[in-house]
Amino acid sequence: MLNILFTSVGRRVELLRAFRQAYMTLGLAGHIVATDIDPLAPALRLADKPYLVPHLTTPEYIPALVEICRREHIDLVFPLIDPDIPVLAQHRAELEATGARLAVVPAEAAALTNDKWQTAQFFQSLGLVTPRAWLPDEMDVTQAHFPLFIKPRGGSAAQHTYKVNNAAELAFFSKYVPNAIIEEYLPGPEITSDVIAWLDGEVLAVVSRQRIEVRWGEVAKGVTVCVPEIIEACVKVARALPACGPVTVQCMLKDGVPHFTEINARLGGGVPLGIAAGVDSPRWLLAKAAGLPVDLPPLGTYQTGLYLTRFDESFFLTADEREQMASCHL
């Protein structure tokens, strides 16, 4: 039995289906366990064992996860939203005392990737190009070249991110956006790379995709691309963090040069496109966890020019079924 836990599954239906297929392909037995705070989170419907948990900001959150790991004999834990990562990293010892292993970067790396300002400095320390960036109270507005881009240092899911066109907008958004960082505006295109790493930092694959359309911070339309310079940079980032499980690395192109912007230390929302292109990350991760041999293709070996376009799909629950899901507490 190989049991895995996804925290904060939300809408990640495709991802759970891909892991389900990987179990079948490998002939592995085991349960997919998932948590969320909302009984109507769609991906809970795909889990063998769904659980509702307290909000991650409450003291009850980690004890609830510890109990789930013990009760379900969890072997491997994957976080699926950014705010979970520093919390899990901080409580690694408690969670791994249950026998589970966390696909979560170390606490220092979690703090770094959760702060866009620190992330930029990290990229620069590796010799990677980043957008010019300022903190609001350190910026001379009279010297600003508009447009600019403003976002929270600890933001997630593209919340509170804005293009700033003039000094008046900069003054407003500098107060409106919490704990902001200001960057030069890069029109793109934006390239997001899924870096499939194992718990020991071994990079199994890197697959890059150009984001054509984004909804709620997640790719809605995209296409696979392969830029050797970006793949090389992603490997460098994974080794320096160090990665402990999958991460995503984002960059914007300017005059053909990648400018690196963010790291999400988790499975990205666009992973299904990489899987369809030949990077079967769920199968490889499950095989590694089960101690099975993994035959990896050379880095950068995947189908390019493969497009993703997403649509909504619905689950329907009766009042009784919704109540049953809402009762999935410990």
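In this predicted model, Arg266 and Asp82 are both buried. These two residues form a salt bridge, with the closest N and O atoms 2.7 Å apart. The contact links distant parts of the chain, for Arg266 sits in the loop between strand S14 (257-264) and helix H9 (271-276), while Asp82 belongs to the loop between S4 and helix H3 (84-90). The two positions are 184 residues apart.

This pair is a good entry point to the charged contacts of the model, where the count comes to 20 salt bridges. Another of them joins Lys49 to Glu72, with 3.1 Å between the closest N and O atoms. Lys49 lies in strand S3 (residues 49-52), and Glu72 in the loop between helix H2 (61-71) and strand S4 (76-79), so this contact ties together parts that are 23 residues apart in sequence. The partners have separate burial classes: Lys49 is partly exposed at 29% relative accessibility, whereas Glu72 is buried at 7%.

A further salt bridge brings together the side chains of Arg132 and Glu184, at 3.7 Å from N to O. Here Arg132 lies in the loop between helix H6 (116-125) and S6, and Glu184 in strand S9, so the pair ties together parts 52 residues apart in sequence. Arg132 counts as partly exposed, at 46% relative accessibility, and Glu184 counts as buried, at 10%. Salt bridges also link Arg11, Arg215 and Asp312 in a network.

The Arg132-Glu184 contact leads conveniently to the sheet that contains S9. Four strands make up this open sheet, in the order S6-S9-S7-S8 and with antiparallel pairing. Its edges are strand S6 (133-134) and strand S8 (162-164), each of which pairs on one side only. S6 and strand S9 (residues 180-184) run antiparallel and are joined by two bridges. Within this pairing, Ala133 of the chain stands opposite Glu183 in S9. Helix H7 (residues 167-176) packs on the sheet and touches strand S7 (148-152), S8 and S9. The direction of H7 makes about 150° with that of S8.

A second open sheet has six strands, again with antiparallel pairing, in the order S14-S13-S10-S11-S12-S15. S14, the strand that precedes the loop of Arg266, is an edge strand here, as is strand S15 (307-309), and each pairs on one side only. Neighbouring strands of the six-stranded sheet are turned by 30° against each other on average, with direction ignored. Strand S11 (residues 203-215) and strand S12 (residues 218-225) run antiparallel, and seven bridges join them. One point of reference along this pairing is Gln210, whose bridge partner in S12 is Val223.

Helices accompany this sheet too. H6 lies across strand S13 (247-254) and S14, and runs at about 130° to S14. H10, in turn, lies across strand S10 (190-197) and S11, at about 145° to S11. Helix H10 (residues 281-290) is mostly covered, with seven of its 10 residues buried. The buried positions in H10 are Ser281, Pro282, Trp284, Leu285, Leu286, Ala287 and Ala289. Just after H10, the backbone at Gly291 takes a positive phi of about 75°.

Finally, the cysteines deserve a look. The structure holds zero disulfides. For Cys69, the closest cysteine sulfur is that of Cys244, and at 14 Å it is too far for a bond. Cys69 is buried, with a relative accessible area of 1%. Cys234 is in no disulfide either, and the nearest cysteine sulfur, in Cys251, is 7.1 Å away. A disulfide would require the two sulfur atoms to be within 2.5 Å. Like Cys69, Cys234 is buried, with a relative accessible area of 0%.

Key
Residues numbered from 1 in each chain as written. Predicted model: local features only at pLDDT ≥ 70, side-chain atom pairs only at ≥ 80, totals over all residues. Heavy atoms only, no water. Pairing = 2+ DSSP bridges. Contact = heavy atoms within 4.5 Å. Axes fitted to C-alpha atoms, helices over the stretch in contact; angles between N-to-C directions. Buried < 20%, exposed > 50% of the residue type's maximum accessible area, 1.4 Å probe, protein only. Salt bridge = Lys/Arg side-chain N within 4 Å of Asp/Glu carboxyl O.
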